[in-house]
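Please walk me through this structure, step by step, for someone who has not seen it before. Explain each term when it comes up.

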Amino acid sequence: MTQAWDELDRELTLWSREGLDLPLWWRDDDAVAPTEALGRLEDLAGELGMPVHLAVIPHSAVAELAETVSQSQHLLPVVHGWAHVNHAPTEAKKSEFGSTRPVDEALNEAEQGIERLQQLFGPALRPMFVPPWNRISAAMLPWLAGLDYAAISTFGPRKRVQAAPGLLQINTHIDPINWHGDRSLLDSGSILTPLVAQLQARRAGSVDRTEPLGLLTHHLIHDEGVWSFCETLLRRLLDGPARPWRFDERIT
Ligand SMILES: [Zn+2]
């Protein structure tokens, strides 16, 4: 375990030595209401001076969440699909906006999502679309900018800066949760070894270094292990070459 952290520290030192800049952003998914866990997320964001892009499920979001967000300096609401309902055929990986759905139907829901959250959050809403399960049909992408979205976020290094005209791609890259097991923390090597490899690839220029590096969290299911890992990781990155990044586009 310590070895993986040591490797991360070594890589971060190289970044600092080479004077490289690491934009770092934070996305947290599945918010619908204020909870104790959301309070903890906000506190941690405050301690770290690091904004959290809160992916809110439009269909289920309640007005109290908008009140909490409006009182926070650190929570930036973004659009998490529509109802977080799986429409994929049995056997297929889960998705709400996968390619098996009629595009018009899916786009209608993406539009309802941004409209509902605009009503709730007003100008605080950042026009970023976060499809549940990080999956979306490529057929939807050219149409999202026309629905007032300015960015899309899934998981893994982006292939291009713009997913479609007027639509920035800003993905997440680190997910500490063991989704296929106990939904607790993965062992730290399984998180940090790929992260170090990715940082090396960015430093070498073989992966887009301008894409903000994204941590993906799910505050509602964090146990102590996940909370403490996220805090430690963010602190190490911020003590090194990382600087907090926020999506500041607004709907005009
Ligand atoms: Zn989700």
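Helices and strands are named here as DSSP runs, with helices (H or I) of at least four residues and strands (E) of at least two, numbered from the N terminus. The structure is a predicted model, in which local features need pLDDT of at least 70 and side-chain atom pairs count only at pLDDT 80 or more, while totals for chains, interfaces and linings use all residues. Residues are numbered from 1 along each chain as its sequence is written, and side-chain values use heavy atoms, with hydrogens and water left out.

A good place to begin is Asp-30, which is found in strand S1, residues 22-31. Asp-30 has a positive phi of about 85°, although it is not a glycine. With a relative accessibility of 23%, Asp-30 counts as partly exposed, a class that falls between buried (under 20% relative accessible area) and exposed (over 50%), judged with a 1.4 Å probe and protein chains only. Asp-30 also takes part in the metal site, where the zinc ion is coordinated by Asp-30 through OD and by His-80 and His-84 through NE2, at 2.1 to 2.2 Å. Donors are N, O and S atoms within 2.8 Å of the metal (3.2 Å for Na, K and Ca), and water is not among the atoms, so sites may look incomplete. Along the chain, the donors of the zinc ion follow the spacing D-x49-H-x3-H. The two histidines can be described separately: His-80 is buried, with a relative accessible area of 1%, whereas His-84 is partly exposed, with 22%.

A second residue with a positive phi that is not a glycine is Arg-183, where the angle is about 60°. Arg-183 lies in the loop between strand S7 (167-169) and H6, and at 46% relative accessibility it counts as partly exposed.

From here the text turns to charged side chains. Side chains of opposite charge can pair when their charged atoms come close. A salt bridge is counted when a side-chain nitrogen of Lys or Arg is within 4 Å of a carboxyl oxygen of Asp or Glu, and by this rule the count comes to 13 salt bridges. One of them joins Arg-101 to Glu-105, with the closest N and O atoms 2.9 Å apart; Arg-101 is buried at 7% relative accessibility, while Glu-105 is partly exposed, with a relative accessible area of 37%. Arg-101 has another contact, since it lies over the face of Phe-97 at 5.9 Å from the ring centre, where a charge sits over a ring if NZ of Lys or CZ of Arg is within 6 Å of the ring centre and within 35 degrees of the ring normal.

Another salt bridge brings together the side chains of Arg-126 and Asp-248, at 2.9 Å from N to O. Because Arg-126 lies in the loop between H4 and strand S4 (128-129) and Asp-248 in the segment after strand S9 (242-244), this pair ties together parts that are 122 residues apart in sequence. Arg-126 is buried, with a relative accessible area of 2%, whereas Asp-248 counts as partly exposed at 43%. The side chains of Arg-158 and Asp-208 also meet in a salt bridge, at 2.7 Å from N to O. Arg-158 lies in the loop between strand S5 (151-152) and strand S6 (162-164), and Asp-208 in the loop between helix H6 (188-204) and S8, so the pair ties together parts that are 50 residues apart in sequence. Arg-158 is buried, with a relative accessible area of 11%, and Asp-208 is partly exposed, with 24%. In addition, Glu-11, Glu-18 and Arg-203 are linked in a network of salt bridges.

Aromatic rings form a further set of contacts, and a search of the whole structure finds five aromatic pairs. The rings of Trp-245 and Phe-247 have their centres 6.2 Å apart and their planes at 25°, so this pair is stacked. Rings of Phe, Tyr and Trp (its six-membered ring) pair if their centres lie within 6.5 Å, and planes under 30 degrees apart count as stacked, over 60 as edge-to-face and the rest as tilted. Both Trp-245 and Phe-247 are buried, and ring pairs link Trp-25, Trp-245 and Phe-247 into a cluster.
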